Amino acid sequence: MKSQRLIAFEILYKIFYDASYSNLALDSALADIEENKSFISALVYGVVERRITIDYYLKKYIDKSPKPKIMTVLRLGAYQILYMDKVPDSAAINESVKLVKEIKQDFYSKLVNAVLHKVADDNEILKDDYLIHSIPEQLLNMWNKQYGFDTVKEFLPCLNGRPPVFAIPNKLFVDSDELLYELLSEDVECEVCDDVVKINSPIDFRTSRAYKNGLFHIEDLSSYECAVSLGARENDTVLDVCCAPGGKTFTIAQQMNNKGRIFAFDLYSHRLKLVNDGAKRLGINIIKTAVNDASVYNPDIPMADRILVDVPCSGFGIIRRKPEIRHKSLDSVKDLPHLQLDILETSSKYLKSGGVLIYSTCTLNKKENENVVKSFLKKNRNFTLTDEKTIFPSFDGGDGFYRAKLIKNND
């Protein structure tokens, strides 16, 4: 039977050296494991999100980077020393040496032992924000320039650690108080936050009675508020042009009391299966899904009263949920605004006169947010911006998010 640290090691190796996504690699590895999932998850997410700081310490005591497997062991051990108070330094070091032997790299046992002892004895007090919070300097500089030092300083501490989890009551059946009662009866620690429920303890959706009965879906608070701001009403025709995995689509359907039509599109059929399965579980029957490229005009798509345009983005607002996103280079996302503008302009052609369109992203980057909307409005004088909001991450609130509400003037 594999040890917990060996499982974490294998997942981390896939993330760092096989370019696997942290959530997918973790879900796959933990699918058949019943115990100690939380510890393995904490190790994996912790090492990924704190990699910059961990590497800073390690490089002080290594002349050159060791082979990938040994570097992964060192990162895993250093994380436990630096950030896991409940794991004694001696245990972190000893278990790391054992791990070296488990992966048949005995030759490096002394190196791992020596380096981790030095990390444990290191008393440096970090002063630079990028090291304190493990945020790449390039990304931090961009945020400071776009949003100001004070704003960035406030949300930086919220970018690491376990993000809040929100259960959205299925308003076809329950409100937030009723959902709270159902979850408490399953011994889930939770609390009502306005019209949603914040979950404060681990929950296994596979066995949750309330979940299987379609009483809620999971959605970030910022995403939920975006879907609500669309203002969909009963008997509207609504388009969700980039819908997967479906959280906003479900919220919109519930706002419509499951009356009307929602056409939900995505580029990939396997992602639409998530939407169809979720709608079935929630008892929603007004959602029709189809594969579609949102950047290309499709004459078969009907004119709509309201359109949600949640475009592909860099994801810099959700790095606490997908920590590897923070390591993207800014150059790798520089072409996104062009695609986003194409999707927004194409989607606007489906909107009826007097209709409402929401443009949104889960990123904090004005080039993908405000600048895209400004470019669109310059070309489309028949649209008016009526509301614009940037949400910054908070400990008990939503992720980083941007949304802009546009109204199409009467033709």
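Student: In this predicted model, what makes R75 count as a charge over the ring of F16?

Tutor: R75 lies over the face of F16, at 4.7 Å from the ring centre. The cut-off for the distance from CZ of Arg to the ring centre is 6 Å, so the 4.7 Å given for R75 satisfies that part of the criterion.

Student: Which residue has its charged end over the ring of Y211, and at what distance from the centre?

Tutor: That residue is R281, with its charged end 3.7 Å from the centre of the Y211 ring. This value is also within the 6 Å limit, so the distance condition is met.

Student: Which residues are linked with F16 into a cluster by ring pairs?

Tutor: F9, Y13 and Y17 join F16 in that cluster. Over the whole structure, the search finds 15 aromatic pairs.

Student: Why is the pair of Y147 and F392 called edge-to-face?

Tutor: The ring planes stand at 85° and the centres are 5.2 Å apart. Pairing requires centres within 6.5 Å, and a plane angle over 60 degrees counts as edge-to-face, so both conditions hold for Y147 and F392.

Student: Which parts of the chain does this pair tie together?

Tutor: Y147 belongs to helix α9 (residues 137–147), whereas F392 is in the loop between β10 and β11; the pair therefore ties together parts that are 245 residues apart in sequence.

Student: How do you know whether Y147 and F392 are buried or exposed?

Tutor: Y147 has a relative accessible area of 12%; buried means under 20%, so Y147 is buried. F392, at 25%, falls between 20% and 50% and is therefore partly exposed.

Student: Why is the pair of F205 and F216 described as tilted?

Tutor: The centres of F205 and F216 are 6.2 Å apart, and the planes are at 55°. That angle is neither under 30 degrees nor over 60, so the pair is tilted. F205 lies in the loop between β3 (196–199) and α12 (209–212), and F216 in strand β4 (residues 216–218), so the linked parts are 11 residues apart in sequence. F205 is partly exposed at 28% relative accessibility, while F216 is buried at 0%.

Student: What makes β4 an edge strand of its sheet?

Tutor: Four strands form an open, antiparallel sheet in the order β2-β3-β1-β4. Both β2 (190–193) and β4 have a single partner strand, so one side of each is left without a neighbour in the sheet. The twist averages 30° from one strand to the next.

Student: How do you know that β1 and β4 are paired?

Tutor: Strand β1 (residues 165–169) and β4 are joined in the antiparallel sense by three bridges. Pairing requires at least two bridges, so the criterion is fulfilled. In β4, I218 is the bridge partner of A167.

Student: Why is N365 called buried, and which residues does it touch?

Tutor: N365 has a relative accessible area of 4%, which is under 20%, so N365 is buried. N365 is placed in the loop between β9 and α17. Not counting residues up to four places away in sequence, N365 touches M142, Q146 and Y147.

Student: What makes α16 mostly covered?

Tutor: Of the 13 residues in α16, 10 are buried, including L336, P337 and L341. The buried residues pack against β8 (304–310), β9 (351–361), α17 (370–379), β10 (383–391) and β11 (401–408). Helix α16 (residues 336–348) reaches 18 Å from its first C-alpha to its last, close to the 18 Å expected.

How values were computed:
Residues numbered from 1 in each chain as written. Predicted model: local features only at pLDDT ≥ 70, side-chain atom pairs only at ≥ 80, totals over all residues. Heavy atoms only, no water. Expected span 1.5 Å × (residues − 1). Buried < 20%, exposed > 50% of the residue type's maximum accessible area, 1.4 Å probe, protein only. Contact = heavy atoms within 4.5 Å. Phe/Tyr/Trp six-rings, centres within 6.5 Å; stacked < 30°, edge-to-face > 60°. Lys NZ or Arg CZ within 6 Å of the ring centre and 35° of its normal. Axes fitted to C-alpha atoms, helices over the stretch in contact; angles between N-to-C directions.
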